[in-house]
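User: I should like to go through the classifications assigned to this model, with the reasoning behind each one set out. Please take the labels in turn.

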Amino acid sequence: MFRLLVLLLLALFSVVHALSSTGNRLLVVTDDSAIDKEKYSTFWRDLESRGYRLSFESPKHDKLALFQHGERTVDHIILLPTRSKGLGPSLTPHLLLDFIKNNGNILLTLTAESPVPSAISALLLELDVHLSPDRTSLVVDHFNYDTISAGEKHDVLLMEKPSALRSDVKNFFGGGGLIALPRAIAQELGSSSQLLTLILRAPETAYSYNPKEEAENVAEPFAVGSQISLVSSMQARNSARFTILGSAEALEDAWFDRTVQGPAGKAVKSSNRAFAKSLTGWTFMETGVLKVGKVEHHLSIISDDKSGNDSVAQSGYLNPTIYRIKNDVTFNIEMSEYSFDHLAPFTVSPDDRLQLEFTMLSPFHRLDLQPMFTTVNSTIFSVTFRLPDQHGIFSFRVNYKRPFMTNVDVKREVTVRHFAHDEWPRSWMISAGWVWIAGIWVTIFGWVAFVALWLWSEPAYEQNRGKKRQ
């Protein structure tokens, strides 16, 4: 009975901790936890059903601390809109950046209902994300809005779920349905940071303006059209994630599965709930997480009479530390992709490439890794190639960095040596040396012939030479 209870507890523990790959401690920072618990009750239930342990704290609470004894006290943070100008001594921009550097993930929500705190603006400037200077502007669109709830103000945008950023980038936020974004704040992404990625872009007809300026024509809007980012993300070099949602109201119960209708469309249910799951799933490391398993390399023997995988056979032991120039080598790497609650085989997009670099100071080879085997939760990629005619310290390196995917940078160092004295091919096996070999033997035979000719060619003497005559 005791053993059965232990097994049940272990199973429950594994289910609770099976979702996020970095932990399930989630801190929600809010001014009024009672009101926000009611407004976002469905959102909180969805997170708890996925195994997260939620804690609600005021931004200026005395006991609020992101670190204790140098370690994170929470794994993820949700920052709800606040009416105060600052976030208190425990949530300064410097501490939030340190939280990201320590592999913490943050979901920041904004709203045009209250000015953006100066601490948030300073934090976003550190990440090269710019907001409107007046901090109260909102995004409107007179062609893509909800006619039911915003028939006059046009400040509830109706957007289709985002499409793939590029053909070689996996889309974690797509699908069918419309997203309702009430009173969203425009973000403008700088071009100096390669870590920023746009998730949801505003339509070409949208623009940002200050509702306090009741003018028919906005002379100088903060941003217009495709310049506006409604949902943005930043993935740090350590793969920690920071997401900015321009409309906090999109997560409220009132907009989950709400009936919305565009100016020229039919009334449909909003897809805010599904989009919230995909957005939080990516932010909190439930999707787009790559795991590297076995990394192996070995000598190979290539058979000409076979094809495919059968033509390559392993020679010697795995992962040797030294090779010889012009050796045939096989490199294998096992990769998995974390998807909400399980590891799945990682598949590369048809327009993308997973590559191996055999590099010293610069790559001598850059080769495409091909999927060779697939297990229940991983894919094994492999490539066979011939080492260059150059000795030195080399590295097998797989450097795979794509938007919305955790960074993979795997290096294995090996030594490549010259031929040993007994490994060089014999001179008679080199066709270019046949002329010189022939010259040597011609010289030898010529000298022997000359000596023989000289020895056997003594001049004949006259028989009567030297006798006296009478």
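User: Why is Asn 103 called partly exposed?
Analyst: The model is a predicted one. The relative accessibility of Asn 103 is 37%; because partly exposed is the class between the limits of 20% and 50%, Asn 103 counts as partly exposed. Asn 103 is placed in the loop between α4 (93-101) and β6. Its phi is near 70°, a positive value in a residue other than glycine.

User: What makes Phe 404 buried or exposed?
Analyst: Phe 404 has a relative accessible area of 6%. Buried requires a value under 20%, and therefore Phe 404 is buried. Phe 404 belongs to the loop between β27 and β28, and its phi, near 70°, is positive although the residue is not glycine.

User: How do you know that β27 and β28 pair, and in which sense do they run?
Analyst: A pair of strands needs at least two bridges. Nine bridges join β27 (residues 392-400) to β28 (residues 408-417), and the two run antiparallel; the criterion is met. Within this pairing, Gly 392 stands opposite Val 416 in β28. Both strands belong to an open sheet of five strands in the order β20-β28-β27-β23-β24, with mixed pairing.

User: What makes β20 and β24 edge strands?
Analyst: Each of β20 (322-324) and β24 (363-368) pairs on one side only. Neighbouring strands of this sheet are turned by 30° against each other on average, direction ignored.

User: Which strands make up the sheet of seven, and what are its edges?
Analyst: The order is β2-β1-β5-β6-β15-β14-β12, in an open sheet with mixed pairing. The edges are β2 (53-57) and β12 (196-201), as each pairs on one side only. From one strand to the next, the twist averages 15°. Helix α5 (residues 118-126) packs on this sheet, where it touches β5 (76-79), β6 (105-109) and β15. The direction of α5 makes about 125° with that of β15.

User: How do you know that β14 and β15 pair?
Analyst: Five bridges link β14 (residues 229-235) with β15 (residues 241-245) in the antiparallel sense, against a requirement of at least two. One of the contacts across the pair is given by Gln 235, whose bridge partner in β15 is Arg 241.

User: How many bridges connect β18 to β21, and how many to β19?
Analyst: β18 (residues 289-302) and β21 (residues 328-339) pair in the antiparallel sense over nine bridges, with Phe 331 in β21 as the bridge partner of His 297. Four bridges join β18 to β19 (residues 312-315), again antiparallel, and there Ile 301 stands opposite Ala 313. With a threshold of at least two bridges, β18 pairs with β21 and with β19.

User: Why do the residues of β8 point in two directions?
Analyst: In a regular strand the side chains alternate between the two faces of the sheet, so successive residues point opposite ways. In β8 (residues 138-141), Leu 138 and Val 140 point one way, Val 139 and Asp 141 the other way, and all are buried. Four bridges join β8 to β13 (residues 206-209) in antiparallel fashion, with Val 139 opposite Ser 208.

User: What makes β10 mostly covered?
Analyst: Four of the five residues of β10 (residues 178-182) are buried. β10 pairs with β9 (residues 156-160) in the antiparallel sense over five bridges, and Ala 180 is the bridge partner of Leu 158.

User: Which residues have the most contacts inside the largest nonpolar core?
Analyst: They are Trp 44 and Leu 230, in a core of 68 residues. Beyond its neighbours within four places in sequence, Trp 44 is in contact with Val 28, Asp 36, Lys 37, Leu 54, Phe 56, Ile 78 and Leu 80. Another core, of 36 residues, lies apart from it and includes Leu 96, Leu 123, Ile 185 and Ala 240.

User: Where is the largest pocket, and which element contributes the largest share of its lining?
Analyst: The largest pocket holds about 450 Å³ of space. Of its 22 lining residues, Gln 194, Leu 195, Leu 196, Thr 197 and Pro 403 lie nearest its centre. The largest share of the lining, four residues, comes from β12.

How values were computed
Residues are numbered from 1 along each chain as its sequence is written. This is a predicted model: local features need pLDDT of at least 70, side-chain atom pairs count only at pLDDT 80 or more; totals for chains, interfaces and linings use all residues. Side-chain values use heavy atoms; hydrogens and water are left out. Axes are lines fitted to C-alpha atoms, for helices over the stretch in contact, and angles run from 0 to 180 degrees between N-to-C directions. Contact means heavy atoms within 4.5 Å. A nonpolar core is a set of buried Ala, Val, Leu, Ile, Met, Phe, Trp, Tyr and Cys residues joined through side-chain atoms within 4.5 Å. Buried means under 20% relative accessible area, exposed over 50%, partly exposed in between (1.4 Å probe, protein chains only). On a 1 Å grid over the protein atoms alone, a cavity is a set of points where a 1.4 Å probe fits but cannot get out, and a pocket is an open set with protein on both sides within 12 Å along at least five of seven lines; lining residues have an atom within 4 Å of a point. Grid points are joined across faces, edges and corners, and a volume is the space filled by probe spheres set on the points.
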